[in-house]
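Hi,

Here is the structure I said I would pass on. Have a look at it first, and my notes follow underneath.

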Amino acid sequence: LLEAYRKVEAAFPKPADPSDHWCDYLTPTRLVGAPAGNIIPDKAEMHLSYRFIRPDGDVWIKGFLEKTTGLEVIVPAKCRKPVISDPDNRFVRSLQEAMKRKWSGRDIPITKMSCATDATRYVHLNLPTVIFGATGFGTHARQERVSLQSLVEYTEMFTEYLSGLEY
């Protein structure tokens with residue numbers, strides 16, 4: 001199983017530019033075998049986290065893994081599709097302008113991010129989605145922290161943004 005993953009890792013497409021984060025990611029997350037260290041398992045499983053940007057990613061990954069490894073591949077029946085918001089959407093633009101007013105002189109780009117996000121739960125509503133956050137440290141770690149000053153600044157910016165919205 002580990003040898004199969006080495007083949008997958010070697011063959012998995014990599015971005016031409018390493019700083020480009022708008023690409024597919026494949027990460028091993030769990031290896032399952034015997035229930036105890038002194039038992040030889042009948043089977044072993046490797047769970048992979050596949051975060052994709054291609055529209056057919058859920059179909060593509062199954063074929064890629066089977067061809068690369070020769071092993072049986074099971075893809076969950078329901079996969080999260082990538083979330084892409086229109087940068088020209090009026091709500092996205094007005095939020096960007098509110099951020100520019102709050103943090104004048106700071107570049108506030110609209111970029112893409114290919115990773116898991118709760119926004120995938122709302123993609124069927126066809127609402128614009130933006131992903132950003134307060135300054136923090138140790139994301140998702142035991143010692144995750146966030147700057148209180150950053151939270152205050154974001155609260156002020158959101159208050160201004162929401163009070164200026166016209167529906």
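A quick word on terms before the first contact: I call something a polar contact when a pair of N or O atoms sits within 3.5 Å, and within protein one of them must be able to donate a hydrogen and the other to accept it. Also keep in mind that this is a predicted model.

With that in hand, start at Asp24. Its side chain makes a polar contact with the side chain of Arg54, at 2.7 Å. A polar contact of 2.8 Å also links the side chains of Asp24 and Tyr50. You'll find Asp24 in the loop between α1 (2-11) and β1 (25-32). Is Asp24 buried or exposed? Asp24 has a relative accessible area of 11%, so it is buried, the cut-off being under 20%.

Now for the surface. Arg51, Lys78, Arg80 and Arg121 form a positive patch there. One of them, Lys78, is in the loop between α2 (57-69) and α3 (90-102). Lys78 counts as exposed because its relative accessible area is 77%, and exposed means over 50%.

There is a nonpolar surface patch too, of about 360 Å², made by Leu1, Leu2, Leu31 and Leu71. Leu71 lies in the loop between α2 and α3. Its relative accessibility is 39%, so Leu71 is partly exposed; that class covers what falls between the buried limit of under 20% and the exposed limit of over 50%.

That's what I have for now. Shout if anything is unclear.

Cheers

Note on methods: Residues are numbered from 1 along each chain as its sequence is written. This is a predicted model: local features need pLDDT of at least 70, side-chain atom pairs count only at pLDDT 80 or more; totals for chains, interfaces and linings use all residues. Side-chain values use heavy atoms; hydrogens and water are left out. Patches are made of residues with over 30% relative accessible area and no salt bridge: like charges are joined within 9 Å, nonpolar side chains (Val, Leu, Ile, Met, Phe, Trp, Tyr) within 5 Å. Accessible areas come from the Shrake-Rupley method with a 1.4 Å probe; for residues, only the protein chains shown count as cover. A salt bridge is a side-chain nitrogen of Lys or Arg within 4 Å of a carboxyl oxygen of Asp or Glu. Lys and Arg count as positive and Asp and Glu as negative; His and the chain ends are not counted. The place of a charge is taken as NZ of Lys, CZ of Arg, CG of Asp or CD of Glu. Helices (H or I, at least four residues) and strands (E, at least two) are DSSP runs, numbered from the N terminus. Buried means under 20% relative accessible area, exposed over 50%, partly exposed in between (1.4 Å probe, protein chains only).
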